[in-house]
Amino acid sequence: MKQKQLQRLLKNPASWLAEGGEESELVFATRVRLARNIDGRKFTYCAEASELTLVRDEVRDALALAPSMKGSIFLDMNDTTEPERMILAERRLISHDMVRRFTNRGLAVARGEKLSVMVNEEDHIRLQSFESGLAVCEAFDRVSRLDDDLDGSLEFAFSDRFGYLTACATNVGTGLRVSAMVHLPGLVHNGDIRQVSDGLRHVRLSVRGSYGEGSEVVGNFFQISNLITLGLSESDTVKNMDSHIRKVLEFEKKARETLLKEARSLLEDKIWRAYGILKNARMLDSREAMGLISAVRLGVGLGIVTDTGLSDLNEILIMIQPMHLQMLYEKVMGPDERDRSRADYIRSRLKAS
Amino acid sequence: MICQFCKKNNATIHFTNVDGNKVVKIHICRSCAEAKGFDYLKRSNFEKTDLLAGLVSSALPEKGGARRRCEHCGRTYAAFSKSAGLGCSKCYDSFGEEIAKVLKRIHGNARHLGKSPRRYCTEKVHARRRIRALEDELRISVELENYERAARLRDEIADLKKGMEKR
Ligand SMILES: [Zn+2]
Ligand SMILES: [Zn+2]
């Protein structure tokens with residue numbers, strides 16, 4: 001039963017990916033996370049195995065009673081294999097750290113993967129909510145409702161002075177982290193991305209690359225997140241993030257307009273070439289694929305490419321990650337074979353559309 | 001030390017990265033770190049182990065303080081200052097004012113504002129929070145020399161405080 005549920009979860013990418021949503025041409029997804037710990041239990045840094053299992057079971061029981069998690073599944077990480085955990089990590093349902101350190105940890109996933117809970121990661125409880133496009137309020141409301149549900153059956157570590165107490169001092173207070181995964185090819189192209197990130201850092205937001213196997217910003221995807229959790233209420237954090245992200249999107253739209261006005265033929269050529277390569281290549285490493293998808297995504301956003309859509313491209317971005325490919329083709333593959341399969345998969349997806 | 005990527009700037013960020021079963025030491029300058037994206041750094045837990053350690057250790061307590069322990073979980077202040085990680089909720093009391101200093105440095109603030117568990121949602125707590133928020137506004141009004149507004153805020157705070165004593 002459990003195994004079947006897990007298989008179904010792994011094989012089907014989250015339905016929210018295809019939902020579109022506000023500003024989905026520029027925002028791949030919004031994620032909101034709340035960190036909570038159980039009062040009287042040691043944090044994961046210091047807790048013995050026996051205490052961690054207690055926490056895991058307490059949280060599992062509380063989740064079973066939570067109305068917003070009705071129909072969800074709970075995975076005991078001890079029962080999962082490493083490839084399975086890697087897929088969950090590529091799907092952003094668990095952290096990369098949890099792939100390696102998994103004993104006595106758990107994961108609950110609601111139907112559709114919009115809401116999930118990591119148990120005994122850095123904090124006892126990490127509630128996560130995903131939305132397609134820009135939807136900070138919706139994502140926060142969903143996660144906050146689950147927090148209310150659990151507040152009835154669990155006693156959270158809290159102090160009047162420091163708020164929700166977390167295992168790391170960087171999350172204390174609201175325990176709230178809002179992130180938007182944004183696609184900014186226009187700002188990368190005109191070089192303003194540096195100024196924009198400096199501006200965001202100035203207001204204590206972090207900006208970093210959000211995809212890819214390696215080190216760099218790949219495919220012009222960035223993740224913008226808040227850093228301050230203490231002394232700023234949830235509603236102010238949500239409001240701030242929403243307005244800062246919208247400002248960035250405005251800059252990106254202006255950059256795209258200028259590009260269209262000043263270099264339309266060049267831009268169209270670049271986009272169509274990228275599309276041509278994606279439809280015909282026989283080998284694609286993930287960095288090249290991401291770069292090409294970025295160009296086609298821009299083409300879709302500008303109305304230049306019309307025979308494929310954002311939901312296809314979003315799904316492709318998830319499926320061409322190394323572990324997802326190996327699951328799809330049901331075998332362990334080296335880098336060369338992966339590059340071949342990646343090209344095969346992309347060709348098949350873009351032809352079908 | 002010179003940045004190993006641009007071989008030009010001074011490397012200001014140093015961390016250890018585990019690549020498979022190989023341990024790699026990385027020395028990188030700020031601009032290369034930013035150009036390469038923070039993903040790389042985050043994977044190696046850069047944020048926590050290096051950046052935060054700096055923030056925390058500079059707030060280290062007086063002599064012998066580093067050996068101080070949380071009675072409840074046994075975590076030492078030294079361990080906290082290395083990772084910014086705490087052992088249990090009581091650590092926040094055990095390391096008292098030092099923690100407040102660290103939090104102030106990280107967040108620019110050392111007092112919670114926002115949601116609280118239901119068991120804390122008493123009227124008194126609400127009033128206390130409201131007072132705190134008004135006091136902040138009052139301070140700003142005085143700084144901006146908006147004395148009319150400041151006077152109004154002062155009255156409101158006094159009323160709230162009176163109300164709390166009665167209860
Ligand atoms: Zn450098
Ligand atoms: Zn402690």
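**Notes on the zinc site and the A/B contact**

1. Starting with the metal: the donor residues of the zinc ion (ligand 2) follow the sequence spacing C-x2-C-x14-C-x2-C. Within that pattern, C73(B) and C88(B) tie together distant parts of the chain, 15 residues apart. C73(B) sits in the loop between α3 and α4 of chain B, while C88(B) is in the loop between α4 and α5 (91–94) of chain B. Keep in mind that this is a predicted model.

2. On the coordination itself, the zinc ion (ligand 2) has C70(B), C73(B), C88(B) and C91(B) as its protein donors, each through SG, at 2.3 Å. The four donor atoms make angles of 97 to 123°, and the site comes out as tetrahedral.

3. Now the chain contact. Chain A puts in 54 residues and chain B 46 residues. About 4300 Å² is buried between the two chains, with carbon and sulfur atoms giving 51% of that area.

4. For the polar side of things, five salt bridges are counted between chain B and chain A. One to look at in the viewer is K115(B) with D147(A), where the closest N and O atoms are 2.8 Å apart. Across the interface there are also 18 residue pairs in polar contact, with both residues at pLDDT 80 or more.

5. What does chain B use to touch chain A? Helices supplying at least two residues each are α1 (30–36), α2 (38–43), α3 (46–57), α4 (77–83), α6 (96–107) and α7 (123–143). The largest share, six residues, is from α6(B). By type, this side of chain B splits into 19 nonpolar, 12 polar and 15 charged residues.

Conventions
Residues are numbered from 1 along each chain as its sequence is written. Chains are lettered from A and ligands numbered from 1 in the order in which they are written. This is a predicted model: local features need pLDDT of at least 70, side-chain atom pairs count only at pLDDT 80 or more; totals for chains, interfaces and linings use all residues. Side-chain values use heavy atoms; hydrogens and water are left out. Contact means heavy atoms within 4.5 Å. Buried area is the accessible area (1.4 Å probe) that two parts lose on being put together, summed over both. A salt bridge is a side-chain nitrogen of Lys or Arg within 4 Å of a carboxyl oxygen of Asp or Glu. A polar contact is a pair of N or O atoms within 3.5 Å; within protein, one must be able to donate a hydrogen and the other to accept it, and residues adjacent in sequence count only if both atoms are side-chain atoms. Helices (H or I, at least four residues) and strands (E, at least two) are DSSP runs, numbered from the N terminus. Ala, Val, Leu, Ile, Met, Phe, Trp, Tyr, Cys and Pro count as nonpolar, Asp, Glu, Lys and Arg as charged, and the others, Gly among them, as polar. Donors are N, O and S atoms within 2.8 Å of the metal (3.2 Å for Na, K and Ca); water is not among the atoms, so sites may look incomplete. Four donors count as tetrahedral if all angles lie between 85 and 135 degrees; four count as square planar and six as octahedral if opposite donors are over 155 degrees apart and all others between 65 and 115; anything else is irregular.
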